[in-house]
Amino acid sequence: MQAIIYVIDKQTYEIKKDSDEIYTSVQELAEDLPDNTPRYIVVSYPLKTSDGRLKTPLVLVYWRPRTSGQESRMLYAGAVEMMRDKAGVSQ
């Protein structure tokens with residue numbers, strides 16, 4: 001597994017990496033997610049199909065803690081489609 005955390009810059013409304021770190025552990029990823037601000041996480045998870053081929057689909061995770069403010073929730077909810085297009089993930 002590999003994952004990258006993305007954040008929306010509230011000044012420019014640009015979606016960018018939260019850091020240059022590429023996470024390879026779910027535990028490390030969970031530790032670095034903020035407790036009160038939404039984030040997008042793009043995860044690639046290798047899996048083997050029933051016919052033996054290796055696939056690595058991209059999955060978009062929308063992290064929205066219960067303690068995040070209404071303004072942040074609305075900002076991230078409104079940009080989900082743009083993030084999905086930017087990351088190249090399928091629905």
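Two strands are taken to pair if DSSP finds at least two bridges between them. In this predicted model, pairing on that criterion gives an open sheet of four strands, arranged in the order 2-1-3-6 with antiparallel pairing. Strand 2 and strand 6 (58-63) occupy the edges, and each has a single partner strand, so one side of each is left without a neighbour in the sheet. From one strand to the next, the twist averages 30°.

Strand 1, which spans residues 2-8, is mostly covered, with six of its seven residues buried. On one side, strand 1 is joined by five bridges to strand 3 (residues 39-44), the two strands running antiparallel, and within this pairing Ile5 has Ile41 of strand 3 as its bridge partner. Strand 1 is also joined to strand 2 (residues 15-17), again in the antiparallel sense, through three bridges; here the bridge partner of Tyr6 is Lys17 in strand 2. The hairpin formed by strand 1 and strand 2 has six residues between the strands, and in this hairpin Tyr13 adopts a positive phi near 60°.

The pairing of strand 3 with strand 6 is likewise antiparallel and extends over six bridges, with Tyr62 of strand 6 serving as the bridge partner of Tyr40. Helix 3 (residues 80-87) packs on the sheet, where it touches strand 1, strand 2, strand 3 and strand 6, and the direction of helix 3 makes about 150° with that of strand 6.

How values were computed. Residues numbered from 1 in each chain as written. Predicted model: local features only at pLDDT ≥ 70, side-chain atom pairs only at ≥ 80, totals over all residues. Heavy atoms only, no water. Buried < 20%, exposed > 50% of the residue type's maximum accessible area, 1.4 Å probe, protein only. Axes fitted to C-alpha atoms, helices over the stretch in contact; angles between N-to-C directions. Contact = heavy atoms within 4.5 Å.
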